[in-house]
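Me: I am new to this structure and would like to understand the reasoning behind the terms applied to it. Please set each value against its definition.

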Amino acid sequence: MDSLKINLEKLRASRKKIVGCLPLYPPMEIFHAMDLVPVTLWGLRDMIRNLNESDRHIQNYSCSVARRAAEFILSENGMMLDGIFAYNACDTLRNLPEILSNGLQAAARPLPMFQIHIPMVPAGQTNARDYLCNEISSLIQLLEKTFHISFSSDRFQDSVAKYNEVRNLYRRMEKQVASGKITFRDFMIAFHNSGFLPVEDQIRFLSESLACCRNKEPESQNHPVMISGILPPPVPVIQAIEEAGLRIVCNDVASLGRYYGYSPEPVESAGQYYAGFYENHIPCPTLLYSADKRMEYLDSLLQETGAKGVIFAGEKFCEYEYFEFPYLQKRLNDQGIPSLLIEIAVDDEDHIASLKNRIDAFAELIGQHQGRK
Ligand code: SF4
């Protein structure tokens, strides 16, 4: 059985209330501080193998992230949830809560919905801190009212420390990948296996995984590249990248590096904490105000890690990422950095032959570039 499903069933057995969160960067610490278990509904590729329920409500030209999250919630998996949290990101996700609400009503199993609006304005242009603080306070009040649990600032600080530790462990693990001690494929498998675990178990699991690779010898140093996208490519595609002689030394993936790349300093007020969290977040097309900093951030990653090329794993039908790819590829090209755009659709892990050919050709190109230096 898929590890996500196993982890979720263990969670259910613990009788804690589970809140399914959309999209990528929810205020996890608030839920945890209130004795709820937040699970972010991404990376469901292995767990959701058909989209029957989703297809009744969402067009099949929506991205796989939205379709799989909808399938999860509207199918019997959704019965494991006690609530749904959502904030505004792309157009697809802005409309999803209403669709889900209606679908759950029709199935006679409505769930409490918690929504906040994150202002998508650059901090230097408009000060929206008060607005966001108010949104966070309203969320806390609604959670208190719905689940009859009080919010405590001390518990919030403890939750912040725990989630920061998880982010830190992921960053340390990524460094082991860059050094060649573990493959990106193994990192991905560990990341997947830690999904839906309570944060305390994630810390244990990741610490053990890190301890295991401490004494490993680094593999031979292949051509270093970066991958970028909303989700990491499926494991067979990652395997094809590594078998082509490319070593993924850094990532700009929303569910990975953009998620764990930044941990704000703890501050007492939850509202102020999230104002800092979203303002200084690693740039991501789903946080519109951060768009101007994307290229600068990619440049810094390339320089820091010595990556010689970039593989963009485009999530099919994600217009937010696709608007940016031509610009990013042009800027990279101007700097003499080769890039490859591959497109991943719902069932692409089963049909990767054409992707494999393009990856092999890209690896040759990177090899030639490196040979010239
Ligand atoms: S992949 Fe793109 S379109 Fe899909 S939910 Fe994420 S940001 Fe929205």
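**Reasons behind the labels**

Reply: Ala108 sits in the loop that runs between helix 5 and strand 4. The model is a predicted one.

Me: Why is Ala108 called exposed?

Reply: A residue is exposed if 12 or fewer other C-beta atoms lie within 10 Å of its own. Ala108 has 6 such neighbours, and therefore counts as exposed.

Me: What makes the phi of Ala108 noteworthy?

Reply: Its phi is positive, about 60 degrees, although Ala108 is not a glycine. Most residues other than glycine have a negative phi.

Me: Why does Arg15 count as exposed?

Reply: Arg15 has 6 C-beta neighbours inside 10 Å, so it falls under the limit of 12 or fewer. Arg15 belongs to the loop between helix 1 (3-13) and strand 1, and its phi, near 65 degrees, is positive in a residue other than glycine.

Me: Why is Ile116 called partly exposed?

Reply: Buried requires 20 or more neighbours and exposed 12 or fewer. Ile116 has 18 inside 10 Å, which lies in between, so the term is partly exposed. Ile116 is placed in strand 4 (residues 113-116).

Me: Which residues is Ile116 in contact with, leaving aside neighbours within four places in sequence?

Reply: They are Tyr87, Glu135, Ile136 and Leu139; contact requires C-beta atoms within 7 Å.

Me: What joins Leu22 and Pro23?

Reply: A cis peptide bond joins them, with omega about -15 degrees. Most peptide bonds are trans. Pro23 lies in the loop between strand 1 (17-22) and helix 2 (28-33).

How values were computed
Residues are numbered from 1 along each chain as its sequence is written. This is a predicted model: local features need pLDDT of at least 70, side-chain atom pairs count only at pLDDT 80 or more; totals for chains, interfaces and linings use all residues. Helices (H or I, at least four residues) and strands (E, at least two) are DSSP runs, numbered from the N terminus. Two residues are in contact if their C-beta atoms, placed from the backbone, lie within 7 Å.
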